[in-house]
Amino acid sequence: FAGNVTAYSDIRLKENIKTIENAVDLVGQMRGVFYTEKKTKNARVGVIAQEIEKVLPEVVRDNEQYNPDTGKTEDSIKSVDYGNIVGVLVEAIKELKEEIEELKNGSNI
């Protein structure tokens, strides 16, 4: 594959739009990890789908594995749509920025 990968994000494709609240709390429940990919032995960084699914199930997909030899669907492999975590991260940064500004101004939170 070569080129750019993007996701459709046009407002015309969306409904029931709500700002993410308590994003810092959501991020606090996530765990970033370093790991080694079993198949390639390459060092990677990311998250664990099963852990993220408990916090943000909207970003986890079950990908069924089809075995052409048996003609059956076998165990599914979970994947994370990393791009969809960005909205939570954006709102978490905004919440933290607001908290920092309040602290700078001497306000009690």
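These legends accompany several close-up views of one predicted model.

**View 1. The largest nonpolar core draws on three helices, among other parts of the chain.**
Welcome to the inside of the protein. The largest nonpolar core holds 14 residues. Within this core, the residues with the most contacts are Met30, Ile52, Leu56, Val59 and Val80. Helix H1 (23-28), helix H2 (49-55) and helix H3 are the elements that give two or more residues to the core. Helix H2 supplies the largest share, 3 residues. If you would like one residue to start from, try Met30. Leaving aside neighbours within four places in sequence, Met30 is in contact with Ile52, Val55, Leu56, Ile85 and Val88.

**View 2. Strands E3 and E4 form an antiparallel hairpin.**
Strand E3 covers residues 60-67 and strand E4 covers residues 72-80. Their antiparallel pairing runs over 8 bridges. Two pairs make handy landmarks here. Asp62 stands opposite Lys78 in E4, and Asn67 stands opposite Lys72 in that strand. Between E3 and E4 there are 4 residues. Look in the turn for Gly71, which has a positive phi of about 75 degrees.

**View 3. Strands E1 and E2 make another hairpin.**
Here strand E1 (residues 33-36) and strand E2 (residues 43-46) run antiparallel, joined by 4 bridges. To find your way across the pair, follow Phe34 to its bridge partner in E2, Val45. The hairpin has 6 residues between its strands. Lys41 in this hairpin takes a positive phi near 65 degrees.

**View 4. Asp81 sits in the loop between E4 and H3.**
How exposed is Asp81? With a relative accessible area of 30%, Asp81 counts as partly exposed. Not counting residues up to four places away in sequence, Asp81 touches Val59 and Arg61. Val59 also appears among the core residues with the most contacts. For a sense of distance, compare Asp81 with Val5: the two are 76 residues apart in sequence and 12 Å apart in space, C-alpha to C-alpha.

**View 5. The largest pocket has a volume of about 740 Å³.**
Rolling a probe the size of a water molecule over the atoms shows where empty space is left. In this model, 22 residues line the largest pocket. Which of them are the closest to its centre? They are Lys14, Lys18, Ile20, Asn84 and Gly87. Helix H3 gives the largest share of the lining, 5 residues. By character, the lining divides into 10 nonpolar, 6 polar and 6 charged residues.

**View 6. Glu91 is a buried residue of helix H3.**
Helix H3 spans residues 86-104, and Glu91 is found within it. Is Glu91 buried or exposed? Glu91 has a relative accessibility of 15%, so it counts as buried, the cut-off for buried being under 20%. Apart from its neighbours within four places in sequence, Glu91 is in contact with Thr19, Ile20 and Ala23. One of these, Ile20, is also among the residues closest to the centre of the largest pocket.

**View 7. Asn16 and Asn22 both have a positive phi.**
Most residues other than glycine have a negative phi, and most peptide bonds are trans. Asn16, although not a glycine, has a positive phi of about 55 degrees. Asn22 is not a glycine either, and its phi is likewise positive at about 55 degrees. Asn16 lies in the segment before H1, and so does Asn22. What is the relative accessible area of each residue? Asn16 is exposed, with a value of 65%, whereas Asn22 is partly exposed, with 48%.

**View 8. Gln50 is a partly exposed residue of helix H2.**
Our last stop returns to helix H2, where Gln50 is found. Its relative accessible area is 44%, which makes Gln50 partly exposed. How far is Gln50 from Asn22? The two residues are 28 apart in sequence and 21 Å apart in space, C-alpha to C-alpha.

Technical notes:
Residues numbered from 1 in each chain as written. Predicted model: local features only at pLDDT ≥ 70, side-chain atom pairs only at ≥ 80, totals over all residues. Heavy atoms only, no water. Buried < 20%, exposed > 50% of the residue type's maximum accessible area, 1.4 Å probe, protein only. Contact = heavy atoms within 4.5 Å. Core = buried A, V, L, I, M, F, W, Y, C linked by side-chain atoms within 4.5 Å. 1 Å grid on protein atoms, 1.4 Å probe; cavity = no way out; pocket = protein on both sides within 12 Å on 5 of 7 lines; lining within 4 Å. Points joined across faces, edges and corners; volume = space filled by probe spheres on them. Nonpolar A, V, L, I, M, F, W, Y, C, P; charged D, E, K, R; others polar. Pairing = 2+ DSSP bridges.
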